[in-house]
Amino acid sequence: MFAGTELVSIVVRTAVSAEDGKLAEMGAGTVHDASLGNEIVRRINELGAISEEPEKLTRIFLSKELRQAADLIMGWMREAGMSAHLDAIGNVCGRYEGVRPGMPCLMLGSHYDTVRDAGKWDGPLGVITAISCVADLNRRGKRLPFAIEVIGFADEEGVRFASTLLGSRAVAGTFDESVLNTRDRDGVSMREALVQFGLDPDHVGAAARARRELLAYLELHIEQGPVLEAQNLPVGVVTAIAGATRLAARLTGMAGHAGTVPMALRRDALAGAAECINAIEQLCRTDEGGLVGTVGYIQARPGATNVIPGEVSFTIDMRAPTDMHRKRAVADVVRQIEAIAKRRQLALQLDVTHENRTAPCAAWLKQRIAQGIEAEGFSAFELPSGAGHDGMAMIDIADVGMIFVRCRGGISHHPDEHVELTDADAGARVLLRVIENFRPRKG
Ligand code: HGY
Ligand code: MN
Ligand code: MN
């Protein structure tokens, strides 16, 4: 087994059933129970049951379900020895003091809102894992030469109102107050929703933090893709978060009788939208630079079988590994949609509702994370994030680092999203090592 004097690191992998989870994948020579993983899975399931829909997981910004979730998370934070509060935009904030009160903090976090019919790991895994790490420090009575803050952002997904990253933008001080007037599908404005949630819309600015208060921002999140699974690795180091552009399109033609209007005389808004959607797909399928485009929402009006659709609204989400590539593709999409609308004599309203630049992860944090991963006996594999994350906003006030955790089949934004207990435990152990070994960057 030993080749001469060569030091062979013994990585003992004990396959365990996720049910008992008594032992988990072990790092080099370390033996531990999977207590972190057990606690995390239990809490993921508890939080995952808080939804506006009985059979699906949907928990959107400023909903009463989000409030219920906030109260549950703040309870966990307090159990872990943290002070906990809701900030001015509905983020859940916990603080674990360092060796002296009032020290700058290492901020850990992710989001606790979800998409519609979501998986229960996207977002909550990062919040719950961070709380479990602090609870572990607290159990050992350990204080560090910095404070630790854990934050659950209230709106990363941007499901309810057209823009996204509202919670982290408020913390970064880049919240655009004009979005307070946007309305959700039921016509409720963000301003009204904040009041209903118990917050003051004129006070959102109070959530902003100063750069000097944060030593770094670290987020643990599921990969939401298949790469770690293909590498047979439970965790990975994120190199950058891909930027995204979201657009809202509205095509207006002429509603009419489905039986009497000849095809050549129609100004069918839905047929026009279909041609636009095909054009977007064709552009992305034939692109060789990792461009992706999605039309995730469409609504045709008046929406009756025997009426030619007079008006159609749909959303567009465009992403690419670089900002330049994405912006060029968005310009191309706009040109094609304008040409289709003109040819079909459809009125076009096309607005960019949200634009996030690509956010690079800081080299020094990637290195700390790689050290934590290797100390746990895994190889430190680097990969980019095609999904957006709150680090895209937090980069305005702190260096950003991200740890990815493998998720089964790379499935996400879907109820089948799943993380094995042993991988949740591995992610927590890596994060805990990064925290305990963290020292503020000099200079
Ligand atoms: O859309 C995204 O990439 C993220 O899940 N909000
Ligand atoms: Mn998501
Ligand atoms: Mn997410």
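These are my notebook entries on two metal sites, the cores, two helix pairs and some backbone details.

**Entry 1: the model**

I am working from a predicted model. I keep that in mind for every entry below.

**Entry 2: manganese ion (ligand 2)**

I began with the manganese ion (ligand 2). Which residues coordinate it? I found Asp122 through OD, Glu157 through OE and His413 through NE2, at 2.1 Å. Along the sequence these donors follow the spacing D-x34-E-x255-H. I then placed two of the donors. Glu157 sits in the loop between strand S4 (147-153) and helix H4 (166-172), and His413 sits in the loop between strand S16 (400-405) and helix H11 (421-437), so this pair ties together parts 256 residues apart in sequence.

Next I checked whether these two donors are covered. Glu157 has 8% relative accessibility and counts as buried. His413 has a relative accessible area of 41%, which makes it partly exposed.

**Entry 3: manganese ion (ligand 3)**

I moved to the manganese ion (ligand 3). Its donors are His111 (NE2), Asp122 (OD) and His221 (NE2), at 2.0 to 2.3 Å. The spacing of these donors in sequence is H-x10-D-x98-H. His111 belongs to strand S3 (residues 105-111) and His221 to strand S5 (residues 214-222), so the pair ties together parts that are 110 residues apart in sequence. Both His111 and His221 are buried.

How far apart are the manganese ion (ligand 2) and the manganese ion (ligand 3)? I read 3.4 Å. Asp122 coordinates both ions.

**Entry 4: around His221**

I stayed with His221 in strand S5. Its relative accessibility is 1%, so it counts as buried. I listed what it touches, leaving out residues up to four places away in sequence. The list includes His111 and Asp122, the residues that join His221 in coordinating the manganese ion (ligand 3). Met402, Ile403, Phe404 and Val405 are also among its contacts, as is His389.

**Entry 5: the cores**

I looked for the largest nonpolar core and found 84 residues in it. Which of them touch the most other members? They are Tyr112, Ile148, Val150 and Met190. I followed Ile148 outward, again skipping residues up to four places away in sequence. Among its contacts are Gly94, Arg95 and Tyr96, then Cys105, Leu106 and Leu108. Val134, Leu137 and Ile435 are contacts of Ile148 too. Apart from this core lies another one, of 23 residues, including Leu251, Ile280, Ile337 and Ala341.

**Entry 6: H2 with H3**

I compared helix H2 (residues 64-79) with helix H3 (residues 124-139). Their axes come within 9 Å and cross at roughly 20 degrees. The two helices are therefore roughly parallel to each other. The crossing is left-handed. On the H2 side I noted Ile73, Trp76, Met77 and Glu79, which meet Val127, Ile128, Ile131 and Asn138 of H3.

**Entry 7: H1 with H11**

Then I took helix H1 (residues 35-48) and H11. They pack at about 115 degrees, with axes 8 Å apart. H1 and H11 are therefore roughly perpendicular to each other. This crossing is right-handed. H1 brings Ser35, Leu36, Gly37, Asn38, Ile40 and Val41 to the contact. H11 brings Leu421, Ala424, Asp425, Ala428, Arg429 and Leu432.

**Entry 8: backbone details**

I searched the backbone last. Most residues other than glycine have a negative phi, and most peptide bonds are trans. I wrote down the exceptions that follow.

Leu165 is not a glycine, yet its phi is positive, about 60 degrees. Leu165 lies in the loop between S4 and H4. Is Leu165 buried or exposed? At 1% relative accessibility, Leu165 counts as buried.

His413 also has a positive phi, near 55 degrees. I had already met His413 as a donor to the manganese ion (ligand 2).

Where is the cis peptide bond that I noted? It joins Arg301 and Pro302, with omega about 10 degrees. Pro302 is in the loop between strand S10 (298-301) and S11.

**Entry 9: Val307**

From Pro302 I went on to Val307, which touches it. Val307 is in strand S11 (residues 307-308). It is partly exposed, at a relative accessible area of 24%. Val307 also touches Ala255, Gly256 and Ala258. I checked Ala255 further: its C-alpha atom is 6.4 Å from that of Val307, though 52 residues separate them along the chain.

Methods
Residues are numbered from 1 along each chain as its sequence is written. Chains are lettered from A and ligands numbered from 1 in the order in which they are written. This is a predicted model: local features need pLDDT of at least 70, side-chain atom pairs count only at pLDDT 80 or more; totals for chains, interfaces and linings use all residues. Side-chain values use heavy atoms; hydrogens and water are left out. Donors are N, O and S atoms within 2.8 Å of the metal (3.2 Å for Na, K and Ca); water is not among the atoms, so sites may look incomplete. Helices (H or I, at least four residues) and strands (E, at least two) are DSSP runs, numbered from the N terminus. Buried means under 20% relative accessible area, exposed over 50%, partly exposed in between (1.4 Å probe, protein chains only). A nonpolar core is a set of buried Ala, Val, Leu, Ile, Met, Phe, Trp, Tyr and Cys residues joined through side-chain atoms within 4.5 Å. Contact means heavy atoms within 4.5 Å. Axes are lines fitted to C-alpha atoms, for helices over the stretch in contact, and angles run from 0 to 180 degrees between N-to-C directions. Angles under 35 degrees count as roughly parallel, over 145 as roughly antiparallel, 65 to 115 as roughly perpendicular and the rest as oblique. A crossing is left-handed if the near helix is turned anticlockwise from the far one by less than a right angle, and right-handed if clockwise.
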